[in-house]
Each structure stands twice: as C-alpha cells, then as structure tokens.
Amino acid sequence: MIYRVEQISRLPVRKHEVKTKDGHFLYAAGVPQVLQSYLDFPEGRITIQTESISKIIILLQGVVIGEIIPKLCVTKKVLFLPIGYEYYSYRLYDKQYEVYESGLGPNKHFYTLYYQGKTTGIIHKDDLVLKYRNNYTVYTLSEQEMKAALIYTMFLEAGPNCHYGAAIDNLDSNVPYYTKQKELREKYNPAFLEQVLQQEQGR
C-alpha cells in the first residue's frame with residue numbers, strides 16, 4: 001500500500017489530507033495546536049498529544065490506545081557519559097514498534113518502523129517543502145500497518161517536523177537530510193520498499 005500525506009493549508013489551522021498514490025481522498029488530518037495532531041479514521045478521531053517532555057499519548061475518541069517515547073540506544077561511553085543514537089518506542093494497542101530516522105542524501109529522508117525485528121512500514125519525507133508545508137509518502141503491506149504509520153506521520157507533523165514560528169513567512173526549501181550514525185543509516189530497508197512496490201504492481 002502506498003499513501004500520501006499532504007499538508008493543504010497552514011493558516012489559521014494546519015490541515016492535511018491522506019490520499020492514495022493516485023490522489024483519491026481517504027482521511028482528513030491536521031495540527032490544531034502546538035504539540036497536538038489528529039487523524040479522522042472511520043472508527044473515530046485519533047488524537048496525538050504531548051503529555052510530558054518525554055511522552056506522547058495516542059487517543060481514540062478520548063481513550064488512550066498508545067504512546068510514543070524517545071529512547072537512546074547507547075553504543076559507548078565517553079567519560080562515563082552515554083553516547084549513541086536516538087529512536088522512538090511506539091506502542092499502538094498491543095503492538096510495540098521501534099522507529100528509526102535515516103537521512104541518506106537528497107530526497108532520501110526515511111522513518112522506518114520495526115515490529116519484533118521486522119520492517120512493517122516506511123515513511124518518506126519529501127525534501128521539497130513549499131511554504132512550510134510538509135508532504136510524505138507512506139509504504140506498508142497492510143491496512144493495519146498503514147494506520148500505524150499514518151499515526152506516526154502525524155506525530156511528526158505536530159512535533160519533530162513542525163515549522164514553529166513560521167506563521168507569516170511563505171518560504172520554500174529543499175534541504176537534504178543526512179544521518180552520520182552508521183547504525184541509523186542501516187535501519188532503512190530498501191528491500192521492504194521493493195516488496196511494497198511489487199505488491200502495488202500486482203493489484
């Protein structure tokens with residue numbers, strides 16, 4: 001499955017649309033305020049909001065169904081200080097994911113979702129940002145994993161990738177993202193992407 005998440009407005013409220021790769025509208029989404037976003041699925045509204053500096057909660061119609069917590073994978077210690085790379089622990093219902101960000105050069109900015117050591121989804125963030133509007137392409141093999149990846153995408157929009165302080169300007173940008181850590185670069189799984197593309201060709 002291949003879906004697009006496109007930001008369609010920025011003022012007064014940041015609104016998004018989830019579409020098929022062919023442009024068919026599926027779900028409404030948005031960022032109504034700082035550190036909070038939502039997705040309107042058929043089963044109800046999903047809200048992603050920051051509860052504390054180190055914990056984001058996910059709610060369905062006001063009931064908590066998951067959480068996102070930043071983690072540090074320690075690879076070594078320098079002067080007794082832990083050194084490593086960050087990733088996110090992401091729980092949705094009874095499934096526990098790990099999400100890794102990899103920047104491999106021009107238009108190769110990926111977030112890879114893992115469940116029990118296997119890739120379940122890849123989120124590609126476009127380098128080209130027009131008037132501070134981010135766009136993403138999401139790749140999964142099932143509807144269930146697609147919803148999990150879409151929720152994480154909207155978490156990114158309300159937090160890590162939110163353009164704070166850009167309420168007035170209409171600047172465009174096209175900046176590649178690079179990851180130095182070898183461990184993070186290797187978390188991107190191109191074979192999974194090929195598997196998704198083959199599945200799409202067979203539809």
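User: Strands here are DSSP runs of E, at least two residues in length. With that in hand, where is the place of Gln61?

Analyst: This is a predicted model, so take everything below in that light. Gln61 sits in the loop between strand S6 (55-60) and strand S7 (63-78).

User: Why is Gln61 called exposed?

Analyst: Exposed means over 50% relative accessible area. Gln61 has 56%, so it counts as exposed. Its phi is near 50°, a positive value in a residue other than glycine.

User: What makes Asn107 partly exposed?

Analyst: The label covers values between the 20% and 50% cut-offs. Asn107 comes out at 42% relative accessibility, so partly exposed is the right call. Asn107 lies in the loop between S9 and S10, and its phi is positive too, near 55°. That hairpin has three residues between the strands.

User: And Thr20, why does it count as buried?

Analyst: Buried means under 20%. Thr20 has 18% relative accessibility, so it makes the cut. Thr20 belongs to strand S2 (residues 14-20), and it touches Ile2, Tyr3 and Leu26, leaving out residues up to four places away in sequence.

User: How do you know that S9 and S10 pair?

Analyst: Pairing takes at least two bridges found by DSSP. Strand S9 (residues 95-105) and S10 have seven, in the antiparallel sense, so they pair. One of the links joins Val99 to Leu113 in S10.

User: How many bridges join S10 and S11?

Analyst: Seven, again antiparallel, with S11 covering residues 118-125. Leu113 has Gly121 as its bridge partner in S11. The two strands form a hairpin with two residues between them, and Gln116 in the turn has a positive phi of about 50°.

User: Why is S10 largely enclosed by the rest of the structure?

Analyst: Six of the seven residues in S10 (residues 109-115) are buried, so the strand is largely enclosed.

User: What makes a group of residues the largest nonpolar core, and which residues have the most contacts inside it?

Analyst: A core is a set of buried nonpolar residues joined through side-chain atoms within 4.5 Å. The largest one here has 35 residues, and those with the most contacts inside it are Leu39, Ile46, Ile58, Tyr90, Leu150, Ile151 and Tyr152. Helix H1 (residues 143-158) gives the most to this core, ten residues. Apart from this core lies another, of eight residues, including Ile2 and Tyr188.

User: Which residues does Ile151 touch?

Analyst: Not counting residues up to four places away in sequence, Ile151 touches Leu39, Phe41, Ile46, Ile48, Ile58, Tyr90 and Leu92.

How values were computed
Residues are numbered from 1 along each chain as its sequence is written. This is a predicted model: local features need pLDDT of at least 70, side-chain atom pairs count only at pLDDT 80 or more; totals for chains, interfaces and linings use all residues. Side-chain values use heavy atoms; hydrogens and water are left out. Buried means under 20% relative accessible area, exposed over 50%, partly exposed in between (1.4 Å probe, protein chains only). Helices (H or I, at least four residues) and strands (E, at least two) are DSSP runs, numbered from the N terminus. Contact means heavy atoms within 4.5 Å.
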